Amino acid sequence: MALTREQIAIRVARELKDGYYVNLGIGIPTLVANYVPEGIDVMLQSENGLLGMGPFPTEDEIDADMINAGKQTVTAATGASIFSSAESFAMIRGGHVDLTVLGAFEVDIEGNIASYMIPGKLIKGMGGAMDLVAGADNIIVTMTHASKHGESKLLTKCTLPLTGAGCIKKVLTDLAFIEIENGTFILKERAPGVSVEEIVSKTEGKMIVPDHVPEMVF
Amino acid sequence: MAGFNKVVNSYEEAMAGLEDGMTVVAGGFGLCGIPENLINQIKTMGTKDLTIVSNNCGVDGFGLGVLLEDRQVKKMVSSYVGENALFMQQLLAGELEVVLTPQGTLAEKMRAGGAGIPAFFTATGYGTPVAEGKEVREFNGRKCILEESITGDFAIVKGWKADRYGNVIYRHTAQNFNPMAATAGKITVVEVEEIVEPGELDPAHIHTPGIYVNRVILGTFEKRIEQRTVRK
């Protein structure tokens, strides 16, 4: 079975380490915050200018001046700090964020990522995504492995305009956990009950398949 | 010290001197920390052909979105414009130009502009459509593109409190782009929720020192919330 959104978030959360500063993108990455393992403290960075994002407010706590990068009302966690957009992106572009998790339309074997624009469709903008992929060392991309029509999104070369070039090393799809190294995908783990053959058939770019590919356990 | 008194008493006075074709740098992220009354004043003035530098363009009927209604905006420099149907309509019809700019690059363009730095190199955007036509240089093995800084004829800023000398503090995440915008205007106008006497704000807690600020005005704010999310 392909991973659910929650399972994707749970698997990503296993990459968290105690003391990590983490930036979570909009969508599935946001769910990772719900699955931080016991005994681990992480601080969430929100690029509109908040380090130490807390949970959503109660009705009584709602404050229009307190939002996250998804423009949702939030609270500040204990020990949080609030700062300007320039300061926020100094953290991001300066490589101070330990882990960045974000979504994508396509990735390719060179570590390129396309995530912000589909020509001919609505043009919304890249927000902070280009800064995040260019600035972070440790990035996990979460995405579906193939389109609804079965077309692979893990490619030899991205077809959509890029968000960043040569910056992606780890991809978690609904089918597999994959690393990118020296111009090839490497299959590291597969979703429970998903065969290596299915993953290979849905991966257009070159992929190294080790003899043993462990199943993820949930 | 009357020479340092930046307070003006009307929105007409606050935006006096704004002319067709000018560039306006605006603070705000989404609808948070936007100078909503200064924007409404620009709508009232009917100034046209404006270039607006702002992370977003408001929503339909609120924030910078209101300037689209009478086609006052010629060009937007923004990182994300996805919340606004009228914007998309004018963009697709070729009535509006947009320069999509990565959010960190946008913040840095304002910061650098205000700091007298004409351009800077950054890895952000290398290899993407943002890099088209821009000089590329390699630093420490990383390819970077040359980005030019931004200044405006006006900067419009939303603060929390200011003193009469134009020292400003911001509230929570309503800070966002406001401190950089404040430095980047030839004329910087700050609207705030409270004006206090000089000395009442702790000098060590000032976010925007008064040297950047030309005009301060007291406003009342709707503070619309874009995504009202609560926990049970």
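The side chain of A:Asn68 reaches the backbone nitrogen of A:Gly70 at 2.9 Å. Keep in mind, as you look at this contact, that the model is predicted. A:Asn68 sits in the loop between strand S3 (50–53) and strand S4 (76–82) of chain A. Is A:Asn68 buried or exposed? Its relative accessible area is 6%, and because buried means under 20%, A:Asn68 counts as buried. Leaving aside residues up to four places away in sequence, A:Asn68 touches A:Ser46, A:Asn48, A:Met53, A:Val74 and B:Phe29.

Another residue of interest, A:Lys71, is found in the loop between S3 and S4 of chain A. A:Lys71 has a positive phi of about 65° although it is not a glycine. As a general rule, most residues other than glycine have a negative phi. A:Lys71 is buried, at 6% relative accessibility.

Chain B offers a residue to set beside it. B:Arg71 also lies in a loop, between H3 and strand S3 (73–78) of chain B. B:Arg71 is not a glycine, yet its phi is positive, about 50°. With a relative accessible area of 45%, B:Arg71 is partly exposed.

Here are the positive phi values, with the place of each residue.

| Residue | Phi | Place |
|---|---|---|
| A:Gly49 | about 125° | turn between S2(A) and S3(A) |
| A:Lys71 | about 65° | loop between S3 and S4 of chain A |
| B:Gly46 | about 75° | just after H2(B) |
| B:Arg71 | about 50° | loop between H3 and S3 of chain B |
| B:Gly116 | near 75° | after H5(B) |

**The sheet of chain A**

Now follow the strands on either side of that first loop. Strand S2 (residues 42–46) of chain A pairs with S3(A) in the antiparallel sense over two bridges. These two strands form a hairpin with three residues between them. Across this pairing, A:Gln45 has A:Leu51 as its bridge partner in S3(A), and A:Ser46 stands opposite A:Leu50. A:Ser46 is also one of the residues that A:Asn68 touches.

S3(A) is joined to S4(A) as well: the two run antiparallel and share three bridges. There, the bridge partner of A:Leu51 is A:Ser81 in S4(A). In general, strands of a sheet pair through backbone hydrogen bonds, either parallel or antiparallel.

How many strands form the open sheet of chain A? Ten do, in the order S4-S3-S2-S1-S5-S8-S10-S11-S12-S13, and the pairing is mixed. S4 and strand S13 (207–208) stand at the edges with a single partner strand each, so one side of each has no neighbour in the sheet.

Helix H1 (residues 5–13) of chain A has the buried residues A:Ile8, A:Ala9, A:Arg11, A:Val12 and A:Ala13. Among the elements that cover them are helix H2 (28–31), strand S5 (99–103), strand S8 (139–143) and strand S12 (184–190) of chain A.

**Helices and strands of chain B**

Helix H5 (residues 103–114) of chain B has twelve residues, and its length can be checked. At 1.5 Å a residue, H5(B) should span 16 Å, and its end C-alpha atoms are 17 Å apart, which agrees. Ten of the twelve residues are buried, so H5(B) is largely enclosed by the rest of the structure. Those buried residues include B:Gln103, B:Leu106, B:Lys109 and B:Met110.

In helix H2 (residues 36–45) of chain B, the buried residues are B:Glu36, B:Asn37, B:Leu38, B:Ile39, B:Gln41 and B:Ile42. Their cover includes helix H3 (66–69), strand S8 (152–158) and strand S11 (185–192) of chain B.

S8(B) is itself mostly covered, with six of its seven residues buried. Strand S1 (residues 23–26) of chain B runs parallel to S8(B), joined by three bridges; here B:Val25 stands opposite B:Ala155. S8(B) also pairs with S11(B) in the parallel sense, over six bridges, and B:Ile156 has B:Val189 as its bridge partner in S11(B).

**A pocket**

The second largest pocket holds about 430 Å³ of space. Which residues are closest to its centre? Of the 24 lining residues, they are A:Ala134, A:Ala165, A:Gly166, A:Cys167 and B:Arg142. Helix H4 (129–135) and strand S11 (176–181) of chain A, together with strand S7 (142–148) of chain B, each supply at least two residues of the lining.

Methods:
Residues are numbered from 1 along each chain as its sequence is written. Chains are lettered from A and ligands numbered from 1 in the order in which they are written. This is a predicted model: local features need pLDDT of at least 70, side-chain atom pairs count only at pLDDT 80 or more; totals for chains, interfaces and linings use all residues. Side-chain values use heavy atoms; hydrogens and water are left out. Helices (H or I, at least four residues) and strands (E, at least two) are DSSP runs, numbered from the N terminus. Buried means under 20% relative accessible area, exposed over 50%, partly exposed in between (1.4 Å probe, protein chains only). A polar contact is a pair of N or O atoms within 3.5 Å; within protein, one must be able to donate a hydrogen and the other to accept it, and residues adjacent in sequence count only if both atoms are side-chain atoms. Contact means heavy atoms within 4.5 Å. Two strands pair if DSSP finds at least two bridges between them. The expected span of a helix is 1.5 Å times one less than its number of residues. On a 1 Å grid over the protein atoms alone, a cavity is a set of points where a 1.4 Å probe fits but cannot get out, and a pocket is an open set with protein on both sides within 12 Å along at least five of seven lines; lining residues have an atom within 4 Å of a point. Grid points are joined across faces, edges and corners, and a volume is the space filled by probe spheres set on the points.
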